[in-house]
Amino acid sequence: MNDLINKIFNSYNYIKISGIGNEKIEFYKHKSAKIANYFLVNTIDCRGFEDDEEKVINALEQLENEYSKRVTSNDVSLKQRIIESFDDIKEASQVDKNISAIYLLLFKDIEKINNYRNVVYSIEESPNYFKRYVLPYTQKQTEQLNLALSQYGDRSLVDALCQIVDNEDNYFELVEGKDLNSTYGLVVRMFSKIPFLQYKFKTELAPDPIEIQIERNLNKDLISYHSFLDNNEYNIEDILLLENNFVISEEDLDKEIQKLMKGVK
């Protein structure tokens with residue numbers, strides 16, 4: 001998953017700065033110093049304790065502890081190491097207000113995340129230090145996603161992700177709580193938990209006015225009746241002429257009219 005996340009960051013011109021965190025924490029900043037967006041990616045393997053709420057909570061709180069405090073007396077906080085990585089003091093001063101953290105939670109069973117909804121909510125809503133986004137996933141999802149992406153050839157990574165998520169049937173299954181362990185479910189979470197990852201909507205022409213749509217679906221005979229009735233000036237001969245298979249001479253027509261006028265049975 002970390003390799004895939006790294007590719008997504010690279011797709012949006014973010015670079016990983018080495019020497020900031022440990023093997024579980026990575027720091028990204030944009031190539032352009034004018035774009036003040038900074039990200040910590042915190043990888044947590046919950047597979048060994050995903051049924052132990054206390055351990056899950058402790059693992060989720062670890063990043064905040066490292067960010068604000070020194071790990072050892074001879075060390076500096078993660079925040080201080082981030083600030084020291086900048087050559088530009090002005091850019092470094094923007095970190096506090098513009099840093100976010102993405103928590104990658106690896107589970108054996110993705111359904112287990114339902115047991116931690118309140119925990120996830122408290123983490124994501126915390127006002128301390130940085131914005132937080134929790135992204136749970138399984139190894140199976142990662143493998144399936146990498147396989148799916150390989151089918152898109154030369155298309156960009158973002159385009160391929162948009163194609164995968166553009167599936168209405170899978171969407172309704174996910175809404176109903178089904179197939180949470182699918183590739184689709186993971187990609188949907190990625191779009192919601194990686195702030196700069198944008199879904200590209202298909203460009204569609206505006207629909208025709210409703211009256212044009214109706215006319216298009218009417219057969220020719222009905223259209224002729226519609227056009228005729230839309231014109232307030234008409235007589236009985238015009239009405240009869242609308243019937244394609246109705247052929248009558250003027251003489252016969254006069255006879256029929258006379259019968260009607262005289263009440264002939």
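**Exercise 1. Overall composition**

How many helices and how many strands are there in the chain? State also the extent of burial and the accessible surface of the chain.

*Solution.* The model is a predicted one.
- Step 1. The secondary structure consists of 14 helices and five strands.
- Step 2. The chain has 265 residues, and 34% of them count as buried.
- Step 3. Its accessible surface comes to about 17,400 Å², with 48% belonging to carbon and sulfur atoms.
- Step 4. For contacts between residues at least 6 apart in sequence, 63% join residues at least 24 apart.

**Exercise 2. The nonpolar cores**

Identify the residues with the most contacts inside the largest nonpolar core, and the elements that supply it.

*Solution.*
- Step 1. The largest nonpolar core has 31 residues, and those with the most contacts inside it are Ile8, Phe9, Leu145, Leu161 and Met190.
- Step 2. At least two residues of this core come from each of helix H1 (2–11), strand S3, strand S4 (99–107), strand S5 (131–138), helix H7, helix H8 (157–165) and helix H10 (183–193).
- Step 3. The element that gives the most is H8, with seven residues.
- Step 4. A separate second core of 30 residues includes Ala36, Ile44, Ile82 and Tyr103.
- Step 5. Beyond its neighbours within four places in sequence, Phe9 is in contact with Tyr14, Tyr28, Phe39, Val41, Ile102 and Phe196.
- Step 6. As a general background, nonpolar side chains in soluble globular proteins tend to be buried together.

**Exercise 3. The setting of Thr142**

Is Thr142 buried or exposed? Locate Thr142 and list its contacts, not counting residues up to four places away in sequence.

*Solution.*
- Step 1. Thr142 lies in helix H7, which spans residues 139–149.
- Step 2. The relative accessible area of Thr142 is 4%. The cut-off for a buried residue is under 20%, so Thr142 is buried.
- Step 3. With residues up to four places away in sequence left out, Thr142 touches Met1, Tyr137 and Leu186.

**Exercise 4. The second largest pocket**

Describe the second largest pocket by its volume, its lining and the elements that contribute to the lining.

*Solution.*
- Step 1. The second largest pocket has a volume of about 210 Å³.
- Step 2. Its lining is formed by Asn22, Lys24, Ile25, Asn42, Thr43, Ile44, Asp45, Phe49, Ala59, Gln62, Leu63 and Glu66.
- Step 3. Two or more of these residues come from each of strand S3 (38–45) and helix H2 (53–68).
- Step 4. By class, the lining of this pocket divides into five nonpolar, four polar and three charged residues.
- Step 5. Ile44 belongs to this lining and is also included in the second nonpolar core.

Terms used: Residues numbered from 1 in each chain as written. Predicted model: local features only at pLDDT ≥ 70, side-chain atom pairs only at ≥ 80, totals over all residues. Heavy atoms only, no water. 1 Å grid on protein atoms, 1.4 Å probe; cavity = no way out; pocket = protein on both sides within 12 Å on 5 of 7 lines; lining within 4 Å. Points joined across faces, edges and corners; volume = space filled by probe spheres on them. Nonpolar A, V, L, I, M, F, W, Y, C, P; charged D, E, K, R; others polar. Buried < 20%, exposed > 50% of the residue type's maximum accessible area, 1.4 Å probe, protein only. Contact = heavy atoms within 4.5 Å. Areas by Shrake-Rupley, 256 points an atom, 1.4 Å probe, with all protein chains shown as cover. Core = buried A, V, L, I, M, F, W, Y, C linked by side-chain atoms within 4.5 Å.
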